[in-house]
Amino acid sequence: MSDHVYKLLELTGSSKTSIEDAVSIAIAKASESVRNIHWFQIVETRGHVEDGKVAHWQVVLKVGFRLE
């Protein structure tokens, strides 16, 4: 196994459904243009409230990808 170097991206995903969906949306979109994504870390979770109910979730992620 060789040594690797990773770079971090900060992303914000959003979803009307759930935190997990917001994470999946952000990673799927980043995967369209970034190769070798290996891990993520949730940095912040927040939401938007309308009429006393959660209307939207937002999740800030740090995503690590391996440099080639």
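This is a short talk on one protein chain, its overall form and two of its residues.

Good morning, everyone; before I begin, please keep in mind that what we have above is a predicted model, and that the values I quote were computed from it.

Let me start with the chain as a whole. The protein chain contains 1 helix and 3 strands, and if you follow the sequence from its beginning, these elements come in the order β-α-β-β. For its overall dimensions, picture a box of roughly 55 × 20 × 15 Å along the principal axes, which is what the C-alpha atoms of the protein chain fill. The radius of gyration of the protein chain is 14 Å, whereas a compact globule of 68 residues would have one near 11 Å.

Next, the surface and the interior. Of the 68 residues in the protein chain, 22% are buried, and the accessible surface comes to about 5,000 Å², with 51% of that area belonging to carbon and sulfur atoms. As for charge, the protein chain carries 8 positive and 9 negative side chains, and the centres of these two sets are 4 Å apart. If we consider contacts between residues at least 6 apart in sequence, 61% of them join residues that are at least 24 apart.

Now I would like to turn to two residues, beginning with Ser15, which belongs to strand E1, the stretch covering residues 6–15. Is Ser15 buried or exposed? Ser15 counts as buried, because its relative accessibility is 4%, and the cut-off for that word is under 20%. When neighbours within four places in sequence are set aside, Ser15 is in contact with Asp21, Ala22, Ile25, His56 and Trp57. There is also a polar detail here, in that a polar atom of the Ser15 side chain lies 2.9 Å from the backbone nitrogen of Thr17.

The second residue is Val43, which you will find in strand E2, running over residues 37–50. Val43 is described as partly exposed because its relative accessible area is 43%, a value that falls between the limits of 20% and 50%. Which residues does Val43 touch, once its neighbours within four places in sequence are left aside? The contacts of Val43 are with Val60, Leu61 and Lys62. Phe65, for its part, is 22 residues away from Val43 in sequence, and the C-alpha atoms of Val43 and Phe65 are 17 Å apart in space.

To close, I would ask you to keep these two residues side by side: Ser15 in strand E1, which is buried, and Val43 in strand E2, which is partly exposed. Thank you for listening.

Note on methods. Residues are numbered from 1 along each chain as its sequence is written. This is a predicted model: local features need pLDDT of at least 70, side-chain atom pairs count only at pLDDT 80 or more; totals for chains, interfaces and linings use all residues. Side-chain values use heavy atoms; hydrogens and water are left out. Helices (H or I, at least four residues) and strands (E, at least two) are DSSP runs, numbered from the N terminus. The radius of gyration is taken over C-alpha atoms; the globule rule is 2.2 Å times the number of residues to the power 0.38. Buried means under 20% relative accessible area, exposed over 50%, partly exposed in between (1.4 Å probe, protein chains only). Contact means heavy atoms within 4.5 Å. Accessible areas come from the Shrake-Rupley method with a 1.4 Å probe; for residues, only the protein chains shown count as cover. Lys and Arg count as positive and Asp and Glu as negative; His and the chain ends are not counted. The place of a charge is taken as NZ of Lys, CZ of Arg, CG of Asp or CD of Glu. A polar contact is a pair of N or O atoms within 3.5 Å; within protein, one must be able to donate a hydrogen and the other to accept it, and residues adjacent in sequence count only if both atoms are side-chain atoms.
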